[in-house]
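Please load the model in the viewer and display the chain before following the stops below. The tour proceeds from the whole chain to individual side-chain pairs.

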Amino acid sequence: MEPCARTALTVYFEEPFWVGLWERREAGRYQACRTVFGGEPTDGEVYEYVLRCWSALDFSPALPDEGRADRPVKAKRMRRQVRQDLARSGTGTKAQQALQKQREQNQAARRDRRRADREERRQAQYEQRKAKRREKRRGH
């Protein structure tokens with residue numbers, strides 16, 4: 001997938017590394033991705049990173065993207081809307097919420113994988129005990 005026209009990159013310092021926050025809006029969907037650069041990247045390094053690693057970026061699952069209002073919202077109404085939105089969705093920016101959703105999905109997948117591995121290991125141990133018992137019975 002090539003970079004779309006509505007992609008934004010914000011580079012900021014998050015102790016002790018420089019981090020890039022990619023935000024992609026496309027067809028009414030919003031996705032975010034976080035990249036750790038390490039040292040402060042120059043514009044050239046960022047451009048090279050985009051060319052080299054764009055397809056490898058792991059964007060969060062898509063969230064619905066609410067369009068921006070066409071006309072300005074009055075201050076009192078905006079404060080009321082912000083209060084209602086915070087009460088409904090909790091704190092954090094849309095990017096943080098998208099990244100949190102991705103973290104939760106990764107955690108669920110890891111939990112399922114661990115559960116399957118544990119069950120497989122128990123089954124193998126059971127088969128081993130069964131074979132050992134069978135072998136002991138044959139020896140008599």
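Begin with the whole chain in a surface representation: of its 140 residues, 21% count as buried. The model is a predicted one. The chain exposes about 11,600 Å², and carbon and sulfur atoms supply 48% of that area.

Next, change to a cartoon representation. Three helices and four strands make up the secondary structure of the chain. Following the sequence, the elements appear in the pattern β-β-β-α-β-α-α. With contacts displayed, consider those between residues at least 6 apart in sequence: 51% of them join residues at least 24 apart.

The remaining stops concern salt bridges. How many salt bridges does a search of the whole structure find? The search finds four, and three stops follow. As general background, side chains of opposite charge can pair when their charged atoms come close.

**First stop: E26 and R29**

Select E26 and R29 and show their side chains. The two meet in a salt bridge, with an N to O distance of 3.7 Å. Colouring by accessibility places E26 in the partly exposed class, at a relative accessible area of 24%. R29 is likewise partly exposed, with a value of 38%.

**Second stop: helix α1**

Select residues 43-53, which form helix α1. Within this helix, show the side chains of E48 and R52. Their closest N and O atoms lie 3.9 Å apart, and the pair forms a salt bridge. Where do the two residues stand relative to each other along helix α1? R52 and E48 are four residues apart, and therefore about one helical turn separates them. R52 is exposed, with a relative accessible area of 54%. E48, at 47%, is partly exposed; the boundary for the exposed class is over 50%.

**Third stop: helix α3**

Move to helix α3, which covers residues 94-139. Select E127 and K130 and display their side chains. K130 forms a salt bridge with E127, and the closest N and O atoms are 4.0 Å apart. Because K130 and E127 are three residues apart in helix α3, they are separated by about one helical turn. Is K130 buried or exposed, or in between? K130 counts as partly exposed, at 28% relative accessibility. E127 is also partly exposed, with 36% relative accessibility.

To close, show two pairs together: E48 with R52 in helix α1, and E127 with K130 in helix α3. In each pair, the partners are about one helical turn apart.

Methods: Residues numbered from 1 in each chain as written. Predicted model: local features only at pLDDT ≥ 70, side-chain atom pairs only at ≥ 80, totals over all residues. Heavy atoms only, no water. Buried < 20%, exposed > 50% of the residue type's maximum accessible area, 1.4 Å probe, protein only. Contact = heavy atoms within 4.5 Å. Areas by Shrake-Rupley, 256 points an atom, 1.4 Å probe, with all protein chains shown as cover.
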